[in-house]
Amino acid sequence: MAGQGEIGPAMHAGDARAGALFLKMQRYVLCVSRGRRSAHLFKILSGENVGEQRMRIAPTPRDQDSERNIQAKPPINDYTSLPGPSLLKQTLGLQNRQHGQYLGQTSEYDVRLINLSPFNGRGEYVSTPGTLRRVSHHNHFLMKSESQAEVDDELSNLDLVESIIQPHGRALVDLYFRIIHPSFPIMNKKVFLEKYERTYREFTPPILAAVYILALNWWSYTPELVNLPKPDIQKLEKLVPQMMSDVLNRPKLSTVQAGLLLLQRPDGDSWALTGQLVAVAQNLGLHLDCSNWKIPEWERSLRKRLAWGLFMQDKWGALIHGRPSLIYLDNWSVKPVEARDFPESSEDDDEEEGSSDIETGHLTFINMISLTEILTDILDTFFTLRATANLSNERQNAMTITLEKAKPIQLRLKDWHARLPQCLAIGETRARKLSPTGSLHLSYFAAEVTLHRAIIRFDIPSLDNHLRSITRGAARMRFTSAIEMVNTLEPAHLQCFWYFSSKVNLAIIATFGSLLWATSDNSEEAEFYKSQLAEYRWALRVSSKAAEFMKFTVGMLDASPVFLKNSASKSSKTTTPAVLPTQEDIQEAHQEQQAFEIHTSQPMHDFNSEMYGVSNEVSPSIGTSTENAFGYEMGTEAGVTDHIDTRPNWADLAGNINFTPGDIQDWSLDQLYNFENFQVAEDILATRKFIEEYDETGNNFAGF
């Protein structure tokens, strides 16, 4: 039975009695350390020799008496006064029963006046509103203690959270650090465990609940839990909103940690909560460079990892919700995360079956950050209101200018992919280990798709045929490569921790394929995309048995007009309009058509391969060479292999942009934007099928 000590079956009777007596005396040991009695129970993890047999005493849950002892013990109010060694001494953002607020440059506190205060050796000065703490000459925080009523409510909530999952709390904590933490390291494991070993009451309720909630998704990955009744996760989730609300106005680093973890739940994504976390992070000074602050070294590294975790949440959230980003680079000075910012190494790997590799997780996190920086440029360049308006106003020059802006971003994506370490290749998995790289590669293709989507929105029938065939060919290549990547996913990927945006990233790829289908020039092209989407849907349907978040895209495709019975008769020249245009729309479209015809009658023959420097070489993400560790083989183009493509070769592309070989086929895409924001897109789609935007309120596609 879980939680009870186990004695070797071959023990002699006398040894068994001795062992029983030992168990009775040592079942729970009240630890005495740092000169005072601590309120946590020391769990016996090692065995004791009895005769020639080794006795192993399994970790046991806290009993009712020990729980009462924990609850009766007064909370620690200041880690600075904690006797003995502790990582938490001098912590700024994880103090117990008090919180700090960053004092900005334009507030009522001026830096020059603050520095006149008589700070003590710890950089503190007790003032009327609270304790001023100086972490550098230019950065100060106001520390405030929490009221007794707030402390009492917090302790009550902590006891409620623990009561739902007991006696499995420690097992769930271990699960969290085995599977989720390696690739999403927004906490310090040693700090968390130091506090947890004393008492769960040193945490705030949201972070404790968030760790338990996420870990419960891997309940069966611990042998001691798999055959036991699983705690009711819905009870915990119902408590979380109010608990988060309670701590938003007295934030700590754990507030942002809890929010980010809760946003990683399968159905936990919330743009509103993301906005709140950005505001909380600014209160905590997470947007600042803390490299030279007078805080513990582990906390400087933690702040960097946590800040970039929030940065990624903001950017990918903006992508999948089609919303303006909330973090601006002009107000962001956080230094890049380096290897030294991770306190754990490969030596700390958990060898238990079904764990995640620490080094692979760290590299995944670092490369996800650099990919997010590229995504940021995609969103800022093509999907802000100003950017879309400016491109729309270019009208007949919109495609050319879009390609000019896309080139440097495409090259960065290509370079990012080429520099991925070997251990992050999609095919690099270890026996009996989970792999977090699936989420990383999916994010890459979502970025690829978004960049191409920015280009394809200016794909209109009056566009130069050479240029149009090039851009659509590149888009098709990225779409089929994304499908091939999904087909290569293994159980080690599917069962691992996936980043919150993965569910909609899969849908973005489906949306892009559907858009290419809806704008096809002929029935053969339309049938090709329909076939590819059917293959994609099938791959997701099969994989969703191991990764349920994939069911979202399966359902979206099931309801897609691509698979409606009447879509099979799609015309080779035109598509049935979703909404009949008015006479005014027809007249305006006719005027624009004339304008484009006038433009294309000018030197469009100047678009040649010397200007663009493109070729028909295969993208590095697709190549089948054995030297390519990241190869995704192109799928067979069913239904079009016998069709003779009379369109010009890649090398025939011409124009006034200085592209280099291999550029265009590597353009990326990633944003689920609202077509209704773009006048040009409205013109393009006036006589084509219209795909409605993503509705973030219900996490559904409004009418896809």
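**Exercise 1. Place Asp348 in the predicted model and decide whether its side is buried, partly exposed or exposed.**

Start with the chain: Asp348 sits in the loop that runs between helix 12 (297-321) and strand 9 (355-356).

Next, check the accessibility. The relative accessible area of Asp348 is 38%. Buried would need a value under 20% and exposed a value over 50%, so Asp348 comes out as partly exposed.

Now look at who is around. Leaving out residues up to four places away in sequence, Asp348 touches Pro343 and Ile358. For a distance to check in your viewer, take Glu359: Asp348 and Glu359 are 11 residues apart along the sequence, and their C-alpha atoms are 9.6 Å apart in space.

**Exercise 2. Work out which residues have the most contacts inside the largest nonpolar core, and which parts of the chain feed that core.**

Begin with the core itself: the largest one holds 155 residues, and Leu261 and Trp316 have the most contacts inside it.

Then sort by element. Helix 12 gives the largest share of this core, with 12 residues.

Then sort by domain. Domain 1 (147-341) and domain 2 (358-564) each supply at least three residues to this core.

Finally, don't miss the second core. That one is separate and has nine residues, including Tyr102, Val135, Met143 and Cys290.

**Exercise 3. Describe the second largest cavity: what is its volume, and what lines it?**

A quick reminder of the idea: rolling a probe the size of a water molecule over the atoms shows where empty space is left.

First, the count: there are 11 cavities of 30 Å³ or more. The second largest has a volume of about 150 Å³.

Second, the lining. It is made of 16 residues, and those nearest the centre are Leu94, Lys195, Phe203, Ser254 and Gln257. Two elements give two or more residues to this lining, namely helix 6 (189-198) and helix 10 (253-263). The largest share, three residues, comes from helix 6.

Third, the chemistry. Split by class, the lining has seven nonpolar, six polar and three charged residues.

**Exercise 4. Zoom out: how many helices and strands does the protein have, and what percentage of its residues count as buried?**

Count the elements and you get 24 helices and 12 strands.

For burial, take the 704 residues of the protein: 54% of them count as buried.

One last step, on contacts. Keep those with a separation of 6 or more, and residues 24 or more positions apart account for 77% of them.

Note on methods:
Residues are numbered from 1 along each chain as its sequence is written. This is a predicted model: local features need pLDDT of at least 70, side-chain atom pairs count only at pLDDT 80 or more; totals for chains, interfaces and linings use all residues. Side-chain values use heavy atoms; hydrogens and water are left out. Helices (H or I, at least four residues) and strands (E, at least two) are DSSP runs, numbered from the N terminus. Buried means under 20% relative accessible area, exposed over 50%, partly exposed in between (1.4 Å probe, protein chains only). Contact means heavy atoms within 4.5 Å. A nonpolar core is a set of buried Ala, Val, Leu, Ile, Met, Phe, Trp, Tyr and Cys residues joined through side-chain atoms within 4.5 Å. Domain bounds come from an automatic or database domain assignment. On a 1 Å grid over the protein atoms alone, a cavity is a set of points where a 1.4 Å probe fits but cannot get out, and a pocket is an open set with protein on both sides within 12 Å along at least five of seven lines; lining residues have an atom within 4 Å of a point. Grid points are joined across faces, edges and corners, and a volume is the space filled by probe spheres set on the points. Ala, Val, Leu, Ile, Met, Phe, Trp, Tyr, Cys and Pro count as nonpolar, Asp, Glu, Lys and Arg as charged, and the others, Gly among them, as polar.
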